[in-house]
Amino acid sequence: MKLKILSESPKETRQIAYFLTEAILAQGPFSKTQARVISLEGPLGSGKTEFLKGVAESLRLQEKIFSPTFLIMKSFACPPQKSAKKHSFKTLWHLDCYRVEGIKNIKDLGFGEIVSDPQNLIFIEWGDKIKKLLPVKHWKIKFTIKGKRKRLLEIEIP
């Protein structure tokens, strides 16, 4: 399935992320052996980190979300969700592959183990830089700048 959504502001981008995360929580993991992986793709300033802030709001995280460009990856413990209809992922992983030179760097950080745990929810900024490592079943969200505040989000859901 492919969706196109035009965001008119950073606030709308966070709201879109909030609702998409709610859909992910309703579905739960893809399988018993794979984390839920979402690749965020687009140029600098296109709204990827802003999107992650909306994900954090949906998950009710207490920590602030920022781009982990120099850390490459950061994990956040997910509080249990209140609704029994929602899946509770244990960990949100936020990766930023902007400075990654090759897939070996990500492999060395334990990416294989992280992606094989169905209790992980993984968002990868610049996921196209490590697409060979991404599972076949992953969401892809492409961000395109359409103006000073407008962003087009093209969402591909397997």
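## Strand pairing and the sheet

Two strands are taken as paired when DSSP finds at least two bridges between them. The structure described here is a predicted model.

Seven strands form an open sheet of mixed pairing, in the order β1-β7-β6-β2-β5-β4-β3. The edge positions are held by β1 (2–7) and β3 (73–77); each has a single partner strand, so one side of each is left without a neighbour in the sheet. From one strand to the next, the twist averages 15 degrees.

## Strand β6 and its two partners

Strands of a sheet pair through backbone hydrogen bonds, in either a parallel or an antiparallel manner. Both arrangements involve β6: with strand β2 (residues 36–41), β6 (residues 139–145) runs parallel and is joined by four bridges, whereas with strand β7 (residues 151–156) it runs antiparallel and is joined by six bridges.

Individual residues illustrate each pairing. On the β2 side, L40 stands opposite I141 of β6. On the β7 side, I145 has R151 as its bridge partner. The strands β6 and β7 form a hairpin, with five residues between them.

## Helices against the sheet

Helix α1 (10–27) contains 18 residues and spans 26 Å from its first C-alpha to its last, close to the 26 Å expected at 1.5 Å a residue. Its buried residues are T13, I16, A17, L20, T21, E22, I24 and L25. The elements covering these buried residues include β1, β2, α2, β5, β6 and β7. Just after α1, G28 adopts a positive phi of about 80 degrees.

Helix α2 (residues 48–59) lies across β2, β4 (91–96), β5 (120–125), β6 and β7, and runs at about 165 degrees to β5.

## Nonpolar cores

The largest nonpolar core comprises 26 residues, of which F51, L92, F123 and I141 touch the most other members. Two or more residues are contributed to this core by each of α1, β2, α2, β5, β6 and β7. There is also a second, separate core of 18 residues, which includes A35, C97, I106 and I130.

Residue F51 has contacts with several parts of the chain. Residues up to four places away in sequence being left out, F51 touches T13, I16, A17, L20, L40, F123, I141, F143 and L153. Among these contacts, T13, I16, A17 and L20 are buried residues of α1, and L40 and I141 stand opposite each other in the pairing of β2 with β6.

## Q34, a buried loop residue

The loop between α1 and β2 contains Q34. Is this residue buried or exposed? Because its relative accessible area is 15%, under the 20% limit, Q34 counts as buried.

The side chain of Q34 reaches the backbone oxygen of K137 at 2.7 Å. Apart from residues up to four places away in sequence, Q34 touches P29, V115, S116, D117, P118, P135 and K137.

## I5 in the edge strand

Residue I5 belongs to strand β1, one of the edge strands. Its relative accessibility is 28%, so I5 counts as partly exposed. When neighbours within four places in sequence are set aside, I5 is in contact with I16, R151, L152, L153 and I155. Among these, R151 is also the bridge partner of I145, and I16 is one of the buried residues of α1. Between I5 and L44, the separation is 39 residues in sequence and 19 Å in space, C-alpha to C-alpha.

Conventions:
Residues are numbered from 1 along each chain as its sequence is written. This is a predicted model: local features need pLDDT of at least 70, side-chain atom pairs count only at pLDDT 80 or more; totals for chains, interfaces and linings use all residues. Side-chain values use heavy atoms; hydrogens and water are left out. Buried means under 20% relative accessible area, exposed over 50%, partly exposed in between (1.4 Å probe, protein chains only). A polar contact is a pair of N or O atoms within 3.5 Å; within protein, one must be able to donate a hydrogen and the other to accept it, and residues adjacent in sequence count only if both atoms are side-chain atoms. Contact means heavy atoms within 4.5 Å. Axes are lines fitted to C-alpha atoms, for helices over the stretch in contact, and angles run from 0 to 180 degrees between N-to-C directions. A nonpolar core is a set of buried Ala, Val, Leu, Ile, Met, Phe, Trp, Tyr and Cys residues joined through side-chain atoms within 4.5 Å. The expected span of a helix is 1.5 Å times one less than its number of residues.
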